[in-house]
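Let's walk through a protein chain together, one step at a time. Please keep the sequence and the 3D view side by side as you read.

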Amino acid sequence: MGFDITLRHAASATLLAATLAVTGACSTNEVLSTGYVMDEQTLQLVPTGSSREQVELALGSPSTKATFDSAETYYYISQRRERPVAFLQPRVTDQRVLAVYFNAENRVSRIANYGLQDGRVFDYISRTTPTGGQDATFLNQILGDTVSGGGPR
């Protein structure tokens, strides 16, 4: 009887060790970054008053453009996803939208770095939440997938 209990414990310990080894081998902590990855030094090359050409030379082509009233806005969109285990779908952990606003003279009027904080769109440069309007709605559509857990995979 004592031999059966010892054998059972040994089998359980072996099974546990094998399970931990397999699970550990699947753990990747893989980080995937897509889109425009903002660099603070590059962003400093585009101060308020810069021309559209200066913006494109420093930051490259935008992910998308939008026109509100007579002014245009460039959007540089990035997303960070993490995959903790090799066989799972990666999940979105951060999503940012760098918005470069131009005035009627095609000069930068302001720059905003939008992301999510506490589930709300937040500008990390001015440290404010945008007010309602077309631009905030557009940003909510882009960043809204992160809140609901959807988005590209």
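We will start with the overall layout, then visit the core, a helix, the aromatic rings and some loops.

First, a word on where the picture comes from: this is a predicted model, in which local features need pLDDT of at least 70 and side-chain atom pairs count only at pLDDT 80 or more, while totals for chains, interfaces and linings use all residues. Residues are numbered from 1 along each chain as its sequence is written, and side-chain values use heavy atoms, with hydrogens and water left out.

Now for the layout. The chain has 4 helices and 6 strands; here helices (H or I, at least four residues) and strands (E, at least two) are DSSP runs, numbered from the N terminus. Reading from the N terminus on, the order is α-β-α-α-β-β-β-β-β-α. The chain has 153 residues, and 30% of them count as buried. Buried means under 20% relative accessible area, exposed means over 50%, and partly exposed lies in between, using a 1.4 Å probe and protein chains only. On its outside, the chain exposes about 9600 Å², with 54% supplied by carbon and sulfur atoms; such areas come from the Shrake-Rupley method with a 1.4 Å probe, and for residues only the protein chains shown count as cover.

How does the chain meet itself? Take the contacts (heavy atoms within 4.5 Å) between residues at least 6 apart in sequence: 48% of them join residues at least 24 apart.

Next, look inside. A nonpolar core is a set of buried Ala, Val, Leu, Ile, Met, Phe, Trp, Tyr and Cys residues joined through side-chain atoms within 4.5 Å. The largest one here has 12 residues, among them Tyr 36, Leu 59, Tyr 74, Val 100 and Phe 102. Two or more residues of this core come from each of α3 (52-59), β3, β4 and β5 (108-117). Which element gives the largest share of this core? That is β4, with 3 residues. There is also a second, separate core of 8 residues, which includes Ala 66, Phe 68, Ala 99 and Tyr 101. Back in the largest core, try clicking on Leu 59: leaving aside neighbours within four places in sequence, Leu 59 is in contact with Tyr 36, Thr 42, Val 46, Tyr 76, Leu 98 and Val 100.

Let's stay with helix α3. Its buried residues are Arg 52, Val 55 and Leu 59. Why are they on the same side of α3? They cover an arc of only 60° around the axis, where the arc is that of the directions from the helix axis to the C-beta atoms. On the other side of α3, Glu 53 and Leu 57 are exposed. Gln 54, also found in helix α3, is partly exposed, with a relative accessible area of 39%. Just after α3, Gly 60 takes a positive phi of about 85°.

Now for the aromatic rings. A pair of rings is described by the distance of the centres and the angle of the planes. Rings of Phe, Tyr and Trp (its six-membered ring) pair if their centres lie within 6.5 Å; planes under 30 degrees apart count as stacked, over 60 as edge-to-face and the rest as tilted. A search of the whole structure finds 1 aromatic pair. The ring centres of Tyr 74 and Phe 102 are 4.9 Å apart and their planes are at 70°, so this pair is edge-to-face. It links distant parts of the chain, since Tyr 74 is in strand β3 (residues 71-85) and Phe 102 is in strand β4 (residues 91-102), 28 residues apart. Tyr 74 is buried at 1% relative accessible area, and Phe 102 is buried at 2%.Two arginines also sit over rings, meaning that CZ of Arg (or NZ, for Lys) is within 6 Å of the ring centre and within 35 degrees of the ring normal. Arg 52 lies over the face of Phe 102, at 4.4 Å from the ring centre, and Arg 110 lies over the face of Tyr 101, at 4.1 Å.

Finally, visit the loops. Gly 49 is in the loop between α2 (40-43) and α3. The C-alpha atoms of Gly 49 and Arg 107 are separated by 5.1 Å, although their positions lie 58 residues apart along the chain when counted as a separation. Asn 106, in the loop between β4 and β5, has a positive phi of about 60° although it is not a glycine.
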